[in-house]
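Here are my notes on this model, written as numbered points so that each can be checked against the structure as you read. Please keep the display open and find each residue as it is named.

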Amino acid sequence: MAKDKTTPSDVSKMIKDREVKLVDFKFTDLPGTWQHFTTTLTEYNEDIFTDGLGFDGSSIRGWKVINASDMLVIPDPSTAWIDIFNAEPTLSLICTIVDPITREPYDRDPRGLAEKAEAYLKSTGIADTAFFGPEAEFFIFDDVRFSSGANSAFYQIESMEAHWNSAREEFPNLGYKIRAKEGYFPVPPADTLQDIRNEMCLELEKAGVPIERQHHEVATAGQAEIDIRFAPLKEMADHMQYYKYIVRNVAKRHNKTVTFMPKPLFADNGSGMHTHISLWKADKPLFAGNGYAGLSDTALFFIGGILKHAPALTCITNPTTNSYKRLVPGFEAPVNLAYSARNRSAAIRIPTYSANPKSKRVEFRTPDPAANPYLAFSALLLAGLDGIQSRIDPGDPLDKNLYDLPPEELANVPSVPDSLRGAMEALEKDHDFLLKGDVFNSDFIANWLEMKQKEYDALRLRPHPYEFSMYYDV
């Protein structure tokens with residue numbers, strides 16, 4: 001992926017130099033999945049970067065109804081990349097969406113919403129850049145099967161390194177299986193996925209996504225993490241879209257499958273997306289100071305905003321019914337709304353790896369990788385800004401292990417909702433902070449809640465297989 005200064009003429013030169021035959025236009029639907037369409041070079045000219053290309057948005061999840069479906073994609077030349085997963089030389093461009101009549105950004109386009117969030121940040125005068133550094137975990141499985149019907153439901157996952165396959169005939173079974181919760185982080189041969197993760201890293205860097213490190217994660221059965229270097233909000237959300245696309249397609253090269261589902265395995269760790277955030281102004285970090293853990297008042301107020309709005313935020317940062325199978329008190333996910341230096345049981349942690357003021361940041365550990373990154377990062381920014389503007393005191397830090405607190409102390413620590421329905425109720429009550437700067441609007445919130453209600457209803461209407469174990473003979 002090219003630098004921000006990339007111009008349409010630079011893209012044209014790339015097309016010529018790389019002998020490109022096709023151009024692929026990618027954009028993000030409301031849940032956060034890339035959609036695309038492809039043209040030959042007969043449709044390409046440099047005017048598309050200002051005039052856009054028309055398409056029908058009526059079938060995109062969460063978007064317009066059919067009687068108001070005409071839209072334009074506006075490609076961003078800075079995102080030009082040769083998509084290596086196409087047989088023919090193909091240039092890929094990430095797009096934002098505008099109304100063809102008004103030319104205004106479409107208010108349900110996640111990337112356009114992220115652009116509005118960055119513009120609002122600058123308009124406040126508080127900062128000019130919000131840096132984000134998500135740590136998105138995922139699983140690499142060998143096989144997955146699932147089905148849900150009127151009279152049956154099941155899922156089955158397979159991984160050659162999973163502990164449940166220690167007795168399977170594998171001709172031969174070499175015995176190097178990773179026990180539950182012991183995947184952090186053994187070397188090969190127990191770690192069977194080192195080469196695949198390395199390949200994912202190298203392909204990501206070819207796409208302009210800088211990599212910090214990769215490793216096996218805690219869970220058995222191929223849990224992984226690749227950390228990408230922090231970047232401004234919209235750019236990082238773009239990077240996360242490349243991340244999911246490239247990781248999935250590299251896995252497919254090896255006849256494996258990747259999922260960012262937060263909790264695919266029972267009795268082992270789920271996949272989170274710990275998100276590091278810092279604000280800067282005029283190339284100076286704003287979160288370093290003389291307060292707790294070396295934080296500034298600005299950073300502490302930012303934390304106060306996130307803690308105050310965290311129940312509502314989870315409807316966006318943890319947007320699936322499955323998300324709340326990871327967010328269970330007493331297990332690995334941080335559900336208690338407290339902050340602490342180094343304490344990984346708190347929802348917000350202050351990393352202490354470096355004394356460099358430029359490294360000072362806050363880490364919100366509740367989100368998961370099912371989140372739409374454009375929406376999640378924008379919502380987190382708005383919550384933190386509300387904390388700064390309203391001078392919200394985050395209270396005292398909790399440096400104890402929150403999982404070991406006695407019940408009488410734990411009762412005084414608020415927590416995130418324990419279901420998608422609870423998160424929806426929190427967002428219904430608390431979303432004014434999202435409306436500032438017209439980043440989100442009331443129509444967006446209502447539409448989002450309607451989508452989430454349908455997902456919640458789809459699950460609660462269906463019998464669960466384990467209910468037969470518990471209740472069949474009642």
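1. The second largest pocket of this predicted model is lined by 42 residues, and those that lie nearest its centre are E135, H276, R344, R349 and Y353. Its volume is about 1,000 Å³. Several strands take part in the lining of this pocket, since β7 (129-141), β10 (211-216), β11 (223-228) and β14 (273-281) each supply at least two residues.

2. Turning from open to enclosed space, the count comes to one cavity of 30 Å³ or more. The largest cavity has a volume of about 40 Å³, and the residues that line it are I140, D142, S159, M160, E161, T192, L193 and K256.

3. Where does G222 lie, and is it buried or exposed? G222 is found in the loop between β10 and β11, and because its relative accessibility is 0%, it counts as buried. Leaving aside neighbours within four places in sequence, G222 is in contact with F138, F139, I140, S159, E161, L193 and H216. For one of these contacts, E161, the C-alpha atom is separated from that of G222 by 6.9 Å, although the two residues are 61 residues apart along the chain.

4. In soluble globular proteins, nonpolar side chains tend to be buried together. In this model the largest nonpolar core has 118 residues, and F138, M200, L279 and F440 are those with the most contacts inside it. Helix α6 (residues 297-317) gives the most to this core, with twelve residues. Apart from that core lies another, of seven residues, including F139, F141, A219 and L265.

5. F138 deserves its own look in the display. Not counting residues up to four places away in sequence, F138 touches M200, G222, Q223, A224, E225, I226, Y243, V247, V258, T259, F260 and S271.

6. Helix α6 should be followed from end to end. A straight helix of 21 residues would span 30 Å at 1.5 Å a residue, whereas α6 spans only 25 Å between its end C-alpha atoms. The helix bends by about 75° at A310, and a proline, P311, follows within four residues. Of the 21 residues of α6, 17 are buried, so this helix is largely enclosed by the rest of the structure.

7. Helix α10 (residues 420-429) can be examined alongside it. The residues L420, G422, A423, M424, A426 and L427 of α10 are buried, and what covers the buried residues of α10 includes α6, α7 (323-326) and α11 (442-460).

8. Which residues does K234 touch, not counting those up to four places away in sequence? K234, which lies in helix α5 (residues 233-253), touches D76, R111, A114, E115, E118 and Y374. This lysine has a relative accessibility of 18%, and because buried means under 20%, K234 counts as buried.

9. The last residue to check is D386, whose place is in helix α8 (residues 373-390). With a relative accessibility of 7%, D386 counts as buried. Not counting residues up to four places away in sequence, D386 touches H309, R391, I392, F433 and K436.

Definitions and conventions. Residues are numbered from 1 along each chain as its sequence is written. This is a predicted model: local features need pLDDT of at least 70, side-chain atom pairs count only at pLDDT 80 or more; totals for chains, interfaces and linings use all residues. Side-chain values use heavy atoms; hydrogens and water are left out. A nonpolar core is a set of buried Ala, Val, Leu, Ile, Met, Phe, Trp, Tyr and Cys residues joined through side-chain atoms within 4.5 Å. Buried means under 20% relative accessible area, exposed over 50%, partly exposed in between (1.4 Å probe, protein chains only). Contact means heavy atoms within 4.5 Å. The expected span of a helix is 1.5 Å times one less than its number of residues. The bend at a residue is the angle between axes fitted to the seven residues ending there and the seven starting there. On a 1 Å grid over the protein atoms alone, a cavity is a set of points where a 1.4 Å probe fits but cannot get out, and a pocket is an open set with protein on both sides within 12 Å along at least five of seven lines; lining residues have an atom within 4 Å of a point. Grid points are joined across faces, edges and corners, and a volume is the space filled by probe spheres set on the points.
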